[in-house]
Amino acid sequence: MLRPQPLDSSFLKALSGQPTSPPPIWLMRQAGRYLPEYREVRSKVASFLDLCRNSELAAEVTLQPLRRFDLDAAIVFSDILIVPYALGQKVEFVESEGPRLDPIKDGKGLTRLDAESVQPRLAPVYETLERVCANLLRNVPVIGFCGAPWTVATYMVEGHGSKDQAEARLFAYRDPSGFQRLIDILVEASAGYLLGQVSAGAGALQIFDSWSGSLPEDEFARWCIEPTRRIVEQLNGSAPDIPIIGFPRGSGPLAVRYAKETGVDAIGCDTSLPLAWIKSELQPLLPVQGNLDPLLLVAGGPELDARVQSTLSALGKGPFIFNLGHGIQPDTPIAHVERLIKLVKTRAD
């Protein structure tokens with residue numbers, strides 16, 4: 001059963017295209033290592049993936065930043081690589097190194113994936129969402145999410161994160177039909193996963209395409225825009241009232257094509273995009289979200305204050321959600337997060 005969504009949510013109003021003053025704010029990776037209460041919970045389990053699969057602890061971690069800060073949305077605690085795990089690929093998170101997967105180097109490797117295992121393995125995430133919704137104030141929506149097929153595929157092919165996603169790009173160039181099969185598998189798994197999160201109570205969704213910036217225009221259209229469009233189409237057919245935020249990190253001017261062609265309801269903007277360009281090229285098309293430098297939040301001080309004010313001045317008159325240009329850094333001082341939220345919330349009309 002779908003969770004009734006709050007009518008007075010500034011976050012959902014912004015996603016519907018309404019300017020709000022002050023604008024809503026939430027932060028990517030707002031539940032994480034910068035919070036001592038998160039570190040305490042993390043110490044109770046052997047691995048990061050174990051935390052994602054423990055619905056009781058994952059719900060607790062999801063709620064922690066909402067207890068500390070006046071945020072306008074929660075985001076379910078999980079990871080984009082939960083989908084490869086659900087497909088049967090070996091996934092582990094190595095301390096101080098990051099994710100490690102058993103790589104799929106060619107089309108033959110796709111036979112190791114099991115689409116039938118996806119929904120049972122994702123059940124803990126749905127239970128996390130149900131727990132969060134049962135304990136969250138009704139005026140705060142919960143965001144469900146997934147990684148975009150291209151970004152998730154890069155990890156599945158490379159076996160880890162990389163600076164240029166070279167192995168995945170070579171796979172796509174050398175065997176486009178084989179790579180298309182991988183993308184097709186991820187489109188179906190991701191759409192089903194997002195719909196499951198909606199059924200568990202998510203009031204909005206975000207699709208993270210963190211490595212979209214590594215592709216040239218034609219490949220961007222094929223591997224980023226088209227798979228996302230297919231996911232959005234499925235979601236709109238089954239959950240038409242749930243807004244979807246797309247986050248094509250590093251896409252630069254191709255973000256305009258992404259905004260026009262994917263069907264997303266809002267677009268997340270990374271730190272590299274100029275505020276004036278966002279205002280002139282993207283905000284007339286759809287609501288925008290972003291794009292404070294996470295390192296500026298670490299640094300704090302007058303530079304943080306000035307950038308917050310310039311962002312609000314540039315984008316605050318239109319439909320806008322204040323956020324970072326990428327995830328919050330583990331060494332971010334809590335006082336700086338408090339300062340940021342105060343600056344946004346006390347913004348004068």
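## Ser 212 and its surroundings

Helices, which are runs of at least four residues, and strands, which are runs of at least two, are taken from DSSP and numbered from the N terminus. In these terms, Ser 212 of this predicted model belongs to the loop that connects strand S5 (204-209) with helix H10 (217-238).

Is Ser 212 buried or exposed? Because burial is assigned under 20% relative accessible area, Ser 212, with a relative accessible area of 1%, counts as buried. When residues up to four places away in sequence are set aside, Ser 212 touches Trp 150, Thr 151, Phe 220, Cys 224, Pro 248, Arg 249 and Ser 251. Of these partners, Trp 150 and Thr 151 are themselves buried residues of helix H7.

## Helix H7

Helix H7 covers residues 149-158, and 10 of its 10 residues are buried, so the helix is largely enclosed by the rest of the structure. The buried residues of H7 include Pro 149, Val 152, Ala 153 and Thr 154, and among them are also Tyr 155, Met 156, Val 157 and Glu 158. After H7 comes Gly 159, a residue with a positive phi, near 85°.

## The parallel sheet

Seven strands make up an open sheet with parallel pairing, and their order is S1-S4-S5-S6-S7-S8-S9. The edges are held by strand S1 (74-75) and strand S9 (320-324), each of which has a single partner strand, so one side of each is left without a neighbour in the sheet. Strand S5, which precedes the loop that holds Ser 212, stands between S4 and S6 in the order of the sheet.

At the S9 edge, strand S8 (residues 288-292) runs parallel to S9 and is joined to it by five bridges. Within this part of the sheet, Leu 292 is placed opposite Leu 324 in S9.

## Aromatic pairs and a charge over a ring

A pair of aromatic rings is described by the distance of the centres and the angle of the planes. How many aromatic pairs are there? With ring centres required to lie within 6.5 Å, the count comes to 11 aromatic pairs. One of them joins Phe 171 and Phe 179 in an edge-to-face arrangement, with 5.4 Å centre to centre and 70° between the planes. Phe 171 counts as buried at 5% relative accessibility, and Phe 179 is buried as well, with a relative accessible area of 0%. Another edge-to-face pair is formed by Phe 320 and Phe 322, where the distance is 5.9 Å centre to centre and the angle is 65° between the planes. Both Phe 320 and Phe 322 are buried.

Elsewhere in the chain, Tyr 38, Phe 48, Phe 77 and Phe 93 belong to one aromatic cluster. A charged side chain also meets a ring, since Arg 121 lies over the face of Tyr 85 at 4.7 Å from the ring centre.

## The chain as a whole

The chain contains 15 helices and nine strands. Its radius of gyration is 19 Å, close to the 20 Å that the globule rule gives for 349 residues, so the chain is as compact as a globular protein of that length. Along the principal axes, the C-alpha trace spans about 60 × 45 × 40 Å.

Of the 349 residues, 59% are buried. Among contacts with a separation of 6 or more, 74% are between residues 24 or more positions apart. The chain exposes about 14,000 Å², of which carbon and sulfur atoms supply 51%.

Note on methods:
Residues are numbered from 1 along each chain as its sequence is written. This is a predicted model: local features need pLDDT of at least 70, side-chain atom pairs count only at pLDDT 80 or more; totals for chains, interfaces and linings use all residues. Side-chain values use heavy atoms; hydrogens and water are left out. Rings of Phe, Tyr and Trp (its six-membered ring) pair if their centres lie within 6.5 Å; planes under 30 degrees apart count as stacked, over 60 as edge-to-face and the rest as tilted. Buried means under 20% relative accessible area, exposed over 50%, partly exposed in between (1.4 Å probe, protein chains only). A charge sits over a ring if NZ of Lys or CZ of Arg is within 6 Å of the ring centre and within 35 degrees of the ring normal. The radius of gyration is taken over C-alpha atoms; the globule rule is 2.2 Å times the number of residues to the power 0.38. Contact means heavy atoms within 4.5 Å. Accessible areas come from the Shrake-Rupley method with a 1.4 Å probe; for residues, only the protein chains shown count as cover. Two strands pair if DSSP finds at least two bridges between them.
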